[in-house]
Amino acid sequence: MSDRTMTRQVLLFISVLSLSSVHGQVSYSIPEEMAKGSLVGNIAQDLGLDIKRLISGKARVYTGDSAEYIELNKERGVLLIKERIDREALCEQTTPCALHFQIILENPMEFYSITVEITDMNDNPPTFEKNEIKFKISESAVNGAKFVLERAIDLDVGINGLQSYTLKPTDNFALKLVNQADGNKKVEMVLQKPLDREKHEDVTLVLTAVDGGEPRMSGTMQILITVLDANDNAPIFTQEFYKATVTENDPKGTVISSVSASDADHGSNGKITYSITNTLDYVRGLIEVNEDNGEIRLIGNIDYEKTRNFQINLRASDDGGLTDSCKVVVEVVDTNDNKPNINIMSKSNVISEDAKIDTVLTMINVQDPDSGENGKVQCSINENIPFAMKSSSNNFFSLVTDSDLDRERASEYNITVTCSDEGVPSLSSSVTLTLQISDVNDNAPVFERSSYEAYIIENNTPGLSIFTVKARDADWNQNARVSYILEDSSVNGVPVSSYVSVSADSGVIHAVRSFDYEQIKDFQFRVKAQDGGSPPLSSNVTVKILIQDQNDNTPQVLYPVQTSSSLVAEMVPRSADVGYLVTKVVAVDVDSGQNSWLSYKLQKATDRALFEVSLQNGEIRTNRQVNDKDAVKQRLTVVVEDNGQPSRSATVNVNVAVADSFPEVLSEFTDFTHDKDYNDNLTFYLVLALAVVSFLFITCLAVIISVKIYRWRQSRVLYHSNLPVIPYYPPRYADTLGTGTLQHVYNYEVCRTTDSRKSDCKFVRPCSQNVLIMDPSSTGTMQRMQSENNILDEPDSPAEQKPPNADWRFTQGQRPGPSGAGGPPEMAMGTGPWPNPPTEAEQLQALMAAANEVSEATATLGPGTMGLSTRYSPQFTLQHVPDYRQNVYIPGSTATLTSNPQQQQQQQQMLMQQQMAAQQQALQAQPSEASAQPEPPKAAQTPASKKKSTKKEKK
């Protein structure tokens, strides 16, 4: 082809299609037989695309099932010849001949339709089916007799196809070309001059076929004529043109049509033979004609998609050599015998769950070789999935998103694309596409429960695992990785992180410290679950920790108060009957539930037969009649035991004096104090050490302490006496509701002479309850002690007390107490095993009352003294037992919790008047300091003033 000039015509046109994925169409025209690598056209320039776009979009050529003759050079943006193109092999006689393919681009997906027209070159000479043809012609043939010659075949088309014939020599015959309806020419040899067998028995002619190409090409065929004797009638077909139809896929042997010819001659000259002439080879492979009767039968498989129609040239000849010809045109009828062919042009295997609607996922080309309705194709996908199939152009479909995606609902889709034609019956084909949905962090962690409660027993080991919180995240991979965070908060002013910690990976909650049920019973905090997405999502949950009680506290004895430097004894008259109430052991247990249920047992006693202890309320009563033989000094050891597992207990020693008069008691208990001198020394050193340590920490209060000490020393100068008895005033119990057994304030004062330690005591009425504190080593007088208390109580007079809080008021049935009188009916009947356990408020108030009594007792009892308390006189019945729940004193405060503010104000005014009178008497007694006569008894101190004086004396 290098010696020939090749012309190339490029036709470019762009048509904008309806869908955005098809941008245009480009057409080129090239000659066939171009060398491999030859330039077809600059596709980048013709389409207006950048070379970078071709590279980034991974541009490629898509031809479907056809062979690839054209390739794309992305670096240059041009189309090149990939394989040599033979137009005749590609299109045969079809004109125009063109290649159709698409250029596919990705990111975003686009495709362009390309048409390359293949122009014909004169590369095929005309050829005859046979190199020679033989005729038998009678010498009697008349002028004008026609003999049909075989037509030459030229595979080229147009000007390069067959153009003319020449016949040589032309002595007897002339060449005649007859135009036919299909555009072809029938070649006939016409007898112009009769034959003379005697001159030429055989005649040889040469038929030459010439095309119109440059350079011209030709083919030849020899005509061998045998001159016979006369046969003056030629066969004649009944029709020159026959039409027939055949359905594709008809079986072999099917009769398509039948032709008929007649000959007027007789004998051998009238016998007609049928044959096929001037027909393409592939047609000869499909049909055959019966030489005798002219039936046309199928001998091959007819395929409409390959051959839609074909024509057959038949010849009828007699034995005399005369012939006639006709044409049979066969139309092939299409049947729906081809399924749609699905070709995936481009597809995405993964798509994000936040992809927008109408995002293109896959582009599909569907081809059905059938025609008409049999070739019309519709594609669909399975239902109930968020995708849709859209048709972009003829036989091109796009799979797009139809609604929002959710990976948590479905992480993978198997999409079945089914394409069906409209034939009867309809044929279909399908393909399954697998699409993965990539995750987006659109789900926050969710806890398994809306709130959590967990229990832990107190006194746990730090680091103990309490329980586990669990949250789940519907996302995947990193977006579903949950971390647990303890949110900042405080419990009673302390950061919650000092109580618990949370494992970031597992959500296990550990105890940071050991918990004490008596300090904190429950607390709550919030735990945040946060995923690992970007940005991270989180959720919160409230966790409540409930601390369970353990029996880790021993019972605390509130009464009688145990001191190492003094002795308090209960007096029992010898006339006491059976069941006489001696005293009551009061104890509390700060635990809760069964751990706080207390029982009282008598462990040791000087005379076990004389006393008994109530199991439930701790009351000590006489078990028999007291007689003169019973010892004066009785010592009882009472065990207080709780109901915990294991149980804890405490013991208390109760001293009981069996006597009718105080001198008798004093003579029995005097020597006892001297046996406790070693305790006095120990107490002295402990108090001294406490004072030294306290001095180091409260130096800022040194001036105030000095003033208090100075005032105290001034008061001592006013009074000098060797009276060994110091009055001890028991706590006064005011009935806050006016319904108690003791509705009035009782003051007891004792006067003794200065020269006798065993003189009779003189009591001031009423004397239903007396307490004596005796200290042989004491040198102070009763008046001086009272004056000291009054002087110290001046800054904190009752007038400065604040009114009580009304919230502390209780009815008689609500008054708390560890062993109170108000029990359930079954307790009164003796059917209940235990009394009601004290509540937390009862425990707190009982502890306050205990602190008040301890402070009063330690303030009144000096070192080395011995006290004797006759709490109940013979005429004092059980109803006079003081109710320890009716009054609550807060240590360090002058307030008395009462439910009757008016009654308290009256009592405060009365006490203030009594104090002022006592102060005036003390000032009047100063000039008579040396007098040994005892002063008249002064008003007793209030519990609040006693507490203040006690604190100051301690300092």
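1. In this predicted model, the side chains of Arg621 and Glu619 meet in a salt bridge, with a distance of 3.0 Å from N to O. Arg621 is buried at a relative accessible area of 19%, a value that falls under the 20% cut-off for that class, and Glu619, at 15% relative accessibility, counts as buried as well. Elsewhere, Arg87, Glu88 and Asp120 are joined into one network by salt bridges that share partners.

2. Arg621 also has a place in the pairing of strands, for Arg621 in S49 is the bridge partner of Leu581. The strands concerned are S45 and S49, the latter spanning residues 619-622, and they run antiparallel and are joined by 3 bridges. The residue numbers thus place both Arg621 and Glu619, the partners of the salt bridge described above, within strand S49.

3. The sheet to which these strands belong is open and consists of 3 strands in the order S45-S49-S48, with antiparallel pairing. Strand S45 (581-584) and strand S48 (611-613) stand at the edges, and because each has a single partner strand, one side of each is left without a neighbour in the sheet. From one strand to the next, the twist averages 20°. As a general point, strands of a sheet pair through backbone hydrogen bonds, in either a parallel or an antiparallel manner.

4. A further salt bridge links Glu448 with Arg472, where the closest N and O atoms are 3.4 Å apart. Glu448 lies in the loop between strand S32 (446-447) and strand S33 (451-457), whereas Arg472 lies in strand S35 (residues 471-472), so the pair ties together parts of the chain that are 24 residues apart in sequence. As for exposure, Glu448 is partly exposed, with a relative accessible area of 48%, while Arg472 is exposed, with a relative accessible area of 54%; the two residues fall into separate classes because the exposed class begins over 50%.

5. Arg407 and Glu408 provide another example, their side chains meeting in a salt bridge at 3.6 Å from N to O. Here Arg407 counts as buried at 11% relative accessibility, whereas Glu408, at 23%, counts as partly exposed.

6. In total, the structure holds 18 salt bridges, and the pairs discussed in this note, including Arg621 with Glu619, Glu448 with Arg472 and Arg407 with Glu408, are to be read as examples from that set.

Technical notes:
Residues numbered from 1 in each chain as written. Predicted model: local features only at pLDDT ≥ 70, side-chain atom pairs only at ≥ 80, totals over all residues. Heavy atoms only, no water. Pairing = 2+ DSSP bridges. Helix = DSSP H or I, 4+ residues; strand = E, 2+ residues; numbered from the N terminus. Axes fitted to C-alpha atoms, helices over the stretch in contact; angles between N-to-C directions. Salt bridge = Lys/Arg side-chain N within 4 Å of Asp/Glu carboxyl O. Buried < 20%, exposed > 50% of the residue type's maximum accessible area, 1.4 Å probe, protein only.
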